[in-house]
Amino acid sequence: MKLELRSNKDFWAGMMFFIIGAGAILMARHYPYGSTLRMGPGYFPVVLSIILIMFGIYVMLRGLRKNEKIQGNWSIRALIVLPLSMVIFGIVMEVGGFVPALIVLCFVSAASGREFKFIEILLLALILCVSSVAMFVWGLGLPYPLFQKIW
Amino acid sequence: MEIFNNLIFGFSVALSFQNVLYCFIGCLFGTLIGVLPGIGPMATIAMLMPITFALPPVAALIMLAGIYYGAQYGGSTTSILVNLPGETASVVTCIDGYQMARQGRAGPALAISAIGSFFAGTICTLLIALFGPPLAEMALKFNSPEYFVLMMMALIIAALLAQGEMVKSVAMVVLGLLLGCIGTDVDSGWQRFSFNILELTDGIGFVIIAIGVFAVSEIVSNLGDPEERSVFTSNVGTLFPTRDDMKRSIGPIIRGTVVGAFFGTLPGTGPAISSFSSYMVEKKMATDPSRFGSGAIEGVAGPESANNAAAQCAFIPTLTLGIPGSGTMALILGALMIHGIAPGPTVMTQKPDLFWGLIASMWIGNVMLVVLNLPLIGMWVALLKVPYRYLFPGIMVFSCIGIYSLNNSPFELYLAALFGLLGFVWRKLECSPVPLMLGFILGPLMEENLRRAMLISRGDPLVFVTRPISLAFVIATILIVIIMQSPALKKKRGEITG
């Protein structure tokens, strides 16, 4: 039987645990370890990393044996665009203010969906904008300028 | 009777205009978002959590609790009407509830679920008032070894009960504990895993992880695999259950409440296992088990009462011991800590207004849920028809504002985006994020207690089995693990969740 590593669910899960564990142990090796009696800042993380690495190896090996496939779509578009919309929101919030950030967020996040109708999104963005301003800025009193005047 | 004095005090707190208002807002928002398709209770609580940070602690907790059981309740509505469980706790409600809806009996199913939940809620409010104080008193005798073992127990059981395989769930717990190490070590002031990033020196806020992992990745996954939904809106039918319905439901409601209260109180278990057990009990007790699966009202009444009972009794270990029993309780615990309240048995004595006010507000919340849900059912049905493409930008708006408001800086948004990505990968690899969340929140507490335990015992790890209370917890954990792993139970669980 040919092993398909690319979509082997447990192989990648184990690999992830292993890599995170190994990375953590590399970083934590300089932290003072202390002793069991007086644990230093390194003790807990190092022990956890070792446990995580062992779990990683076990899950990986089991994945090789069971060879179960990852189910469903990867929805690459949404996976990239949606987190990106949060990053953009953060940036626009700093340079443009609350209202522009919200509008941009609505458009970019809506673009991660399958349908994109400009008029619909515009209306949605306006509704969300008005209600968020009313609720967060006027209602809860969050101190965000609606528009930044930097240009 | 002291319990009545306490409850009266609680109601005097909870019935203040401000607190009733926040309880109402919480229930309304919780139900609203819980009913909306594609958003589970964890995501609901996570995205609404930052709003409550601006409130005084009592009001914040009351509102959060309202959101929690509102969302839970909304999940039942969707299981009955659209066959879509918002979370595992409502999976069993789908089986018979949806069949009832298909037979045009959605109304009675919803009504019985409301009545059962209300009954369970009332009983559990009394239970918390009754057992909370003695439990907290007992917990005052706990020392670090006991706490460490108790947290371990909660994490192990939570991992056992999480969806997916146990090994990966335990690994996710460990990963959560490791993430909890990020930031300044309280003991030594040492910077751990902070990558020289100033914002990471205080550690990662749990809201950031929760929103990323539960809200953002949920949207990505919904956009990738759109769900089929068919709403039975044409005939919710009369709301009133027939006399026969009522007669059949009384037993299941009482038994469901008992089952739910039991499992809810145990750390690590929660609504999901309760509703599942209650369904099994009812099927066993029924004179004609073949009716189950084709619209038996007992199959709605029992599990619905059980999951509400469990949802409320889950507050018992959270408030008295500081040990969360489920992912949602971990979030509530996190909120307590944000408000500067150290979770544990001292909450009751140092913050009696919070403890008793919260308990009283649970009962008020239950009344509100019935009032909100039954007459307004038409509105919730209409909401079910809102297309997802209008919903998810709204969720994103709420989530992003919430995250930004944590620290008024964009860095948290970048982190949340990262956790959104990771959360989706975990979903694909079938690694449940709930154990990770529990591990993350309990991590710092566990490390602290482990350190203290080792100081007490002069570095002897046997301390966990030589102290009687601690030993009892160890034995209980082992027993529960063995029972949960028994082939018979596994098989039955497979039968139900299919």
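In this predicted model, 63 residues of chain B are in contact with 69 residues of chain A, contact meaning heavy atoms within 4.5 Å. The size of an interface is often given as the accessible area lost when the parts come together. Here the two chains bury about 5,900 Å² between them, with 78% of it on carbon and sulfur atoms; buried area is the accessible area (1.4 Å probe) that two parts lose on being put together, summed over both. On the chain B side, B:Phe193, B:Ile401 and B:Lys428 lose the most area to chain A, together 10% of what that side buries.

A word on conventions before we go further. Residues are numbered from 1 along each chain as its sequence is written, while chains are lettered from A and ligands numbered from 1 in the order in which they are written. Local features need pLDDT of at least 70 and side-chain atom pairs count only at pLDDT 80 or more, whereas totals for chains, interfaces and linings use all residues; side-chain values use heavy atoms, with hydrogens and water left out.

How confident is the predictor in chain A? The pLDDT (the predictor's confidence in each residue, from 0 to 100) averages 87 over chain A, and 95% of the residues score at least 70. Among the elements of chain A, helix α1 (residues 9-28) has the highest mean pLDDT, 93, and helix α5 (residues 118-139) the lowest, 90. Helices (H or I, at least four residues) and strands (E, at least two) are DSSP runs, numbered from the N terminus.

Back at the interface, the rule finds 12 residue pairs in polar contact across chain B and chain A, both residues at pLDDT 80 or more. A polar contact is a pair of N or O atoms within 3.5 Å; within protein, one must be able to donate a hydrogen and the other to accept it, and residues adjacent in sequence count only if both atoms are side-chain atoms. Which elements of chain B build its side? Those giving two or more residues are α8 (166-180), β2 (191-192), α9 (206-224), α18 (388-407), α19 (411-428) and α20 (433-456) of chain B. The largest share, 13 residues, comes from α18(B). By type, that side divides into 44 nonpolar, 8 polar and 11 charged residues, where Ala, Val, Leu, Ile, Met, Phe, Trp, Tyr, Cys and Pro count as nonpolar, Asp, Glu, Lys and Arg as charged, and the others, Gly among them, as polar.

Now for the charged pairs. The count between chain B and chain A is 5 salt bridges, each a side-chain nitrogen of Lys or Arg within 4 Å of a carboxyl oxygen of Asp or Glu. One of these joins B:Glu165 to A:Arg62, with the closest N and O atoms 2.9 Å apart. A:Arg62 also meets A:Asp10 in a salt bridge (2.9 Å, N to O). That second pair links distant parts of the chain, with A:Arg62 in helix α2 (residues 43-66) and A:Asp10 in helix α1 of chain A, 52 residues apart. Both A:Arg62 and A:Asp10 are buried, that is, under 20% relative accessible area, as against exposed at over 50% and partly exposed in between (1.4 Å probe, protein chains only). These residues belong to a network of salt bridges that links A:Lys9, A:Asp10, A:Arg62, A:Lys66, A:Glu68, B:Glu165, B:Lys168 and B:Glu430.

Within chain B, B:Glu447 forms a salt bridge with B:Arg192, the closest N and O atoms being 2.8 Å apart. B:Glu447 lies in helix α20 and B:Arg192 in strand β2 of chain B, so the pair ties together parts 255 residues apart in sequence. B:Glu447 is buried at 5% relative accessibility, and B:Arg192 is buried at 3%. B:Glu447 also meets B:Arg451 in a salt bridge (3.5 Å, N to O).

Just after strand β2, in the loop between β2 and α9 of chain B, comes B:Phe193. B:Phe193 has a phi near 50 degrees, a positive value in a residue other than glycine, and is buried at 5% relative accessibility.

Finally, look at A:Ser132 in helix α5 of chain A. What does A:Ser132 touch, not counting residues up to four places away in sequence? Its contacts are A:Phe98, A:Leu102, A:Val137, B:Val397 and B:Ile401, and A:Ser132 is buried, with a relative accessible area of 5%.
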